[in-house]
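Q: Hi! I've got a new model open and would like to talk it through with you. Could you help me find my way around?

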Amino acid sequence: MHDLLLTPVVFLLTAVLLVPLAHRLGLGAVLGYLLGGCIIGPWGLAIVKNVEVISHVAEIGVVLMLFLIGLELQPRKLLEMRTIVFGGGSLQMAACGAVLAAGIALAGLPPVAALVAGLALSLSSTAIAVQSMQEKHLDNTPAGKNAFAILLFQDMAAIPLLVLVPLLGAQAGQGEGFDWMRATAAVAAVYLLNRYAMRPALRLIAGTRLREIFTAFALLLVLGIAQLMTLANLSMGLGAFLAGVLLARSEYRKALETDLEPFKGLLLGLFFTSVGMSMNLGLLAAAPLTIVALTVGYMALKMLTLGLIARVLPIAAVQRWPFAALLAQGSEFAFVVFAVARDAKVLPAPWNDMLPLAVALSMALTPLALAAGNRLAKAFHGTPPRPVDVIEPDGARVIIAGFGRVGQIVGRMLTASGIKITVLDNDPDLLDTVRRFGFKVYYGDATRLDLLKAAEADKAILLVNAIDDVDSNLKLTDLVRSHFPHLKLLCRARDVTHVFELRSRGVELIERETFESALVIAEIALLQMGMDAQTAELARNRFREHNYATLEALFPHFRDETKRVSIAQAAREALSQSFQQDGIKVKDGE
């Protein structure tokens, strides 16, 4: 077989054989890829030898993943997360860095080298942590959200760390140094490209209606920005993430996600395989006790520190150890830091090989760390989260997602009308309560595609999205629009902004959860103030009509804060004039 074909064939065959096996054994896809890399790499069967080239290609998977994460994280949401990102992130790096540096110093490393090693080991793998979160369905939990925020901070903190390492080395004066002007110019260039070039270019490419050209341009966009960042000695992933955040409000966000998702999954698999191939198993065979003690010791110290940090973060007690396990492994960026430390002669020779191997092994041990985290959660905080229910399809034509105060009323009316429903909710306490009243409700996260398929969403007519959390509500909406376009969506909305987000996704049937009840309360208030019943009812109807008209005027500009304020002010004046013309007023003295 030609060498050009041998490598991809071996990689695909390994993935097809080992990843499903690892998944069936409950070890996760990541460990399957890592084991596959060990088997086919230089220290295994040596089928694939050009590990360094494959590693560079595989980095594109991490870049695409960070770009897609950025697309999901709109600037407004990033601003809302700033306390956890910068507060929790800085606390994690400082605490873990200090504890790990102290531990390594006790092992005999000089103070400066121990500091560099401790900070490098405090970083966690974004690729593995995010993949594990998605596999274990932790991404929408407090543990997952806090872990993701800390990973964001680590990606930003890795750049100053790379600058610091050469300055601590014996040959710091010979280094090239970090060009802050060039870095600032690169970030500014990405912002200006997004503001003045990316969207017009995307509009132009989309106008050709050639799907493959749009996909090619999407790849060019991500890889081009990543290359721009490398020219400024910045992380490719950081640049891709920044580009994703800037494009998060673009009308082409969903198209970009759909086109890049397959490439991300395949290249991430290649990345994990390359990590497995890079493990120096010869060193492990020569000094197994030392390497195992180093790996397990550093993961245990890091996990213990993270568990203590979780106490000051908004994480429920039962989720603190799973949170610690998510971030217990080392980062792919640690390999870069150790390479820079080696060139700067910060690390003594034996540690140059041992630390990268410990990081690679920690990645492989992540599934076991997660299992340990669940056991610790069960031991210290009671029963871990219950598994999802097995859904038994009964031909229901309506699916209700969320069975709280809104979903329950909808469900009761539908069942009383003789309509079969399938109900999904992820609050175990609520489910236990409503089941005592005879409701058949399945436990599970409705934003999971496999659960929707099990609920026969492909055969249903209507899905009532009654989830109260806005992010989960929108996530379910996107999932249904992408995978079940025939399914009618009736969505609960928390506020006007939520209404606009749903409308921008093509949802037509939307009901604000408190709007009608607020109108009734206002009508009763007018009656109590002396207004006659007919006029109070007229006031309620006029206000409803005016509000709907105002929403129509606001919708085209709902992302423009200045325009929204101007329209809202004009609408208030128009409402007052309308009430005056209709004679809607409480008589003086009443």
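Q: What kind of unit do S1, helix H19 and S2 make?
A: In this predicted model, S1, helix H19 (residues 405-416) and S2 form a right-handed β-α-β unit.

Q: How do S1 and S2 run, and how many bridges join them?
A: S1 and S2 run parallel, with four bridges between them. Along that pairing, Ile-399 stands opposite Thr-422 in S2, and Ala-401 stands opposite Leu-424 in S2.

Q: What about S2 itself, is it buried or exposed?
A: Strand S2 (residues 421-425) is mostly covered, with five of its five residues buried. Ile-421, Val-423 and Asp-425 point one way from the strand, while Thr-422 and Leu-424 point the other way. That fits a general pattern: in a regular strand, side chains alternate between the two faces of the sheet.

Q: Which way do the residues of S1 point?
A: In S1, Val-398 and Ile-400 point one way and Ile-399 and Ala-401 the other, and all are buried.

Q: Which strands run parallel to S2 and S1 on their other pairings?
A: S2 is joined to strand S3 (residues 441-443) by three bridges, and the two run parallel. There, Leu-424 stands opposite Tyr-442 in S3. S1 is joined to S4 by four bridges, again in parallel, and the bridge partner of Val-398 in S4 is Leu-462.

Q: Let's follow the chain on from S4. Where is Asp-469?
A: Asp-469 is in the loop between S4 and H22. With a relative accessible area of 30%, Asp-469 is partly exposed.

Q: How far is Asp-469 from Gly-402?
A: Asp-469 and Gly-402 are 67 residues apart in sequence, and their C-alpha atoms are 9.7 Å apart in space.

Q: And H22, what length should it span?
A: Helix H22 (residues 470-483) has 14 residues, so at 1.5 Å a residue it should span 20 Å. Its end C-alpha atoms are 20 Å apart, which agrees.

Q: Which residues in H22 are buried?
A: They are Ser-472, Asn-473, Leu-474, Leu-476, Thr-477, Asp-478, Leu-479 and Val-480.

Q: What covers the buried residues of H22?
A: The cover includes strand S1 (398-401), strand S4 (462-465) and strand S5 (488-493). It also includes helix H12 (253-278), helix H21 (449-454) and helix H23 (496-504).

Q: Okay, loops again. Which phi does Glu-456 have?
A: Glu-456 has a positive phi of about 60 degrees, although it is not a glycine. For context, most residues other than glycine have a negative phi. You'll find Glu-456 in the loop between H21 and S4.

Q: Changing topic: which residues touch the most other members of the largest nonpolar core?
A: Of the 86 residues in that core, Leu-109, Leu-121, Met-133, Phe-323, Leu-327, Phe-338 and Leu-355 touch the most other members. Helix H8 (residues 142-168) contributes the largest share of this core, 12 residues. Apart from it lies another core, of 29 residues, among them Leu-71, Met-198, Met-229 and Leu-256.

Q: What does Leu-327 touch?
A: Not counting residues up to four places away in sequence, Leu-327 touches Ser-124, Ala-129, Ala-147, Ile-150, Leu-151, Lys-302 and Leu-306.

Q: How many residues of H17 are buried?
A: In H17, 13 of the 16 residues are buried, so the helix is mostly covered by the usual cut-off of under 20% relative accessible area. Helix H17 (residues 349-364) reaches 24 Å from its first C-alpha to its last, close to the 22 Å expected at 1.5 Å a residue.

Q: Now a charged one: does Glu-523 count as buried or exposed, and why?
A: Glu-523 counts as buried because its relative accessibility is 14%, and the cut-off for buried is under 20%. Glu-523 is in helix H24 (residues 515-528). Leaving aside its neighbours within four places in sequence, Glu-523 is in contact with Ala-536, Glu-537 and Arg-540.

Q: Last one, the whole protein. How many helices and strands are there?
A: There are 26 helices and six strands. Of the 590 residues, 47% are buried. The protein exposes about 28,900 Å², with carbon and sulfur atoms supplying 63% of it. Among contacts with a separation of 6 or more, 74% are between residues 24 or more positions apart.

Technical notes: Residues numbered from 1 in each chain as written. Predicted model: local features only at pLDDT ≥ 70, side-chain atom pairs only at ≥ 80, totals over all residues. Heavy atoms only, no water. Expected span 1.5 Å × (residues − 1). Buried < 20%, exposed > 50% of the residue type's maximum accessible area, 1.4 Å probe, protein only. Contact = heavy atoms within 4.5 Å. Core = buried A, V, L, I, M, F, W, Y, C linked by side-chain atoms within 4.5 Å. Pairing = 2+ DSSP bridges. Right-handed = clockwise from strand over helix to strand, strands pointing away. Areas by Shrake-Rupley, 256 points an atom, 1.4 Å probe, with all protein chains shown as cover.
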